[in-house]
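Ready for a few exercises on a fold and its ligand site? Keep the viewer open and try each task before you read its solution.

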Amino acid sequence: MSRKRVAVLISGRGSNMAALIEAAKNKSYPADIALVLSNKSDAGGLITARANGITTEVVDHAPFGKDRAAFDAAMQAVLEKHGIDLVCLAGFMRLLSPGFTGHWQNRMLNIHPALLPAFKGLDTHRRALQAGAAVHGATVHFVVPEMDAGPTIMQGAVAVHATDSEDALGQRVLAVEHQIYPAALRLVAEDRVRVVDGRCLIDGVPVPDSSALLPSG
Ligand code: GRF
């Protein structure tokens, strides 16, 4: 099977992007990071990508103002120019239009630093600590128009320690992110993930609900 051509979309430091690039260095990995696309020309991840010989592009959202559809169309043109098969959002801090998410339905992944559907949005680690969560983690999911929703492909959990600071918890979750994103992309690139009734099946088996990761009793 030929390797899928993947674009990673970033806005910042790009540590998840770097994890995907590392995984794809292995010739047996089913995806090739063909492009890193940023909406910010000063995103630190662009330097990492270029240092790894990955093609980069910048589409600045600012000139498009509130016209999300026009910005998304500009990104779409770049993705088509590079013959992209799959898109991975990795700290990409723009909301996407329904037209764009619809075009990439079940072909665009995102990583979120919480066990969705818990803690959608920002500041997930602080909110997990405030809520007294015993278990926290990260989720890779397909992107749908609603933010931080969409069928879960893979989750990874960490225990929350009584002594945890937001930063310490975030670092442990980030380490899990760097494991599950390449693993989830592998499954998708190998065509082993199907979405049925809004839920992912992997090799025909439904992905367990996040409640399976929580302590019982
Ligand atoms: C990660 O925590 C990711 O889950 C979230 O944004 C952060 C991006 O970090 N969507 P990085 O740029 O991948 O280091």
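The exercises below work on a predicted model, going from the sheet to the ligand and then to some backbone oddities.

**Exercise 1. Work out the strand order of the open sheet and find which strands stand at its edges.**

Solution. Start by walking across the sheet: seven strands, in the order S3-S2-S1-S4-S5-S6-S7, with mixed pairing. Next, look at the ends. S3 and S7 (152–159) each have a single partner strand, so one side of each has no neighbour in the sheet. As you step from one strand to the next, the twist averages 20°. At the S7 end, S6 (residues 135–142) and S7 pair antiparallel over seven bridges, and Val135 has Ala159 of S7 as its bridge partner.

**Exercise 2. Find the strands that helices H3 and H6 touch, and how each helix is directed.**

Solution. Take H3 (residues 68–81) to begin with: this helix packs on the sheet and touches S1 (4–10), S2 (31–38), S3 and S4 (86–89). Its direction makes about 150° with that of S2. Now go to H6 (residues 166–189), which also packs on the sheet, with contacts to S1, S2, S4, S5 (108–112), S6 and S7. Measure against S7 this time, and you get about 155° between the directions.

**Exercise 3. Zoom in on S4: which way do its residues point, and how does S4 pair with S1 and S5?**

Solution. Sort the side chains first. Leu86 and Cys88 point one way, Val87 and Leu89 the other, and all are buried. Then check the S1 side: S1 and S4 run parallel, joined by four bridges, and Ala7 sits opposite Val87. On to S5: S4 pairs with S5 in the parallel sense too, over three bridges, with Leu109 in S5 as the bridge partner of Cys88.

**Exercise 4. Is Thr56 buried or exposed, and what does it touch?**

Solution. Place the residue: Thr56 belongs to S3 (residues 56–58). Its relative accessible area is 19%, and the cut-off for buried is under 20%, so Thr56 counts as buried. Leaving out residues up to four places away in sequence, Thr56 touches Leu35, Val36, Leu46, Ala49 and Arg50. With Arg50 there is also a side-chain to side-chain polar contact at 2.9 Å.

**Exercise 5. List the residues around the ligand, then pick out polar atoms that lie by its oxygen atoms.**

Solution. Collect the surroundings: Arg13, Gly14, Ser15, Asn16, Gly91, Ile111, His112, Pro113 and Glu177. Now go through some distances to ligand oxygen atoms. A polar side-chain atom of Arg13 is at 2.4 Å, and one of Ser15 is at 2.5 Å. For Asn16, a backbone N or O atom lies at 2.9 Å. To finish, consider the area: the ligand alone exposes 370 Å², of which the protein buries 85%.

**Exercise 6. What is unusual about the backbone at Pro117, Asp148 and Asp197?**

Solution. Recall the background: most residues other than glycine have a negative phi, and most peptide bonds are trans. Leu116 and Pro117, however, are joined by a cis peptide bond with omega about 15°; Pro117 is in the loop between S5 and H5 (124–130). Asp148, in the loop between S6 and S7, has a positive phi of about 55°. Asp197, in the loop between S8 (193–196) and S9 (199–202), has a positive phi near 50°. Finally, compare their surroundings: Asp148 is buried at 10% relative accessibility, whereas Asp197 is exposed at 79%.

Terms used: Residues are numbered from 1 along each chain as its sequence is written. This is a predicted model: local features need pLDDT of at least 70, side-chain atom pairs count only at pLDDT 80 or more; totals for chains, interfaces and linings use all residues. Side-chain values use heavy atoms; hydrogens and water are left out. Helices (H or I, at least four residues) and strands (E, at least two) are DSSP runs, numbered from the N terminus. Buried means under 20% relative accessible area, exposed over 50%, partly exposed in between (1.4 Å probe, protein chains only). A polar contact is a pair of N or O atoms within 3.5 Å; within protein, one must be able to donate a hydrogen and the other to accept it, and residues adjacent in sequence count only if both atoms are side-chain atoms. Contact means heavy atoms within 4.5 Å. Two strands pair if DSSP finds at least two bridges between them. Axes are lines fitted to C-alpha atoms, for helices over the stretch in contact, and angles run from 0 to 180 degrees between N-to-C directions. A residue is near a molecule or strand if one of its heavy atoms lies within 4 Å of it. Accessible areas come from the Shrake-Rupley method with a 1.4 Å probe; for residues, only the protein chains shown count as cover.
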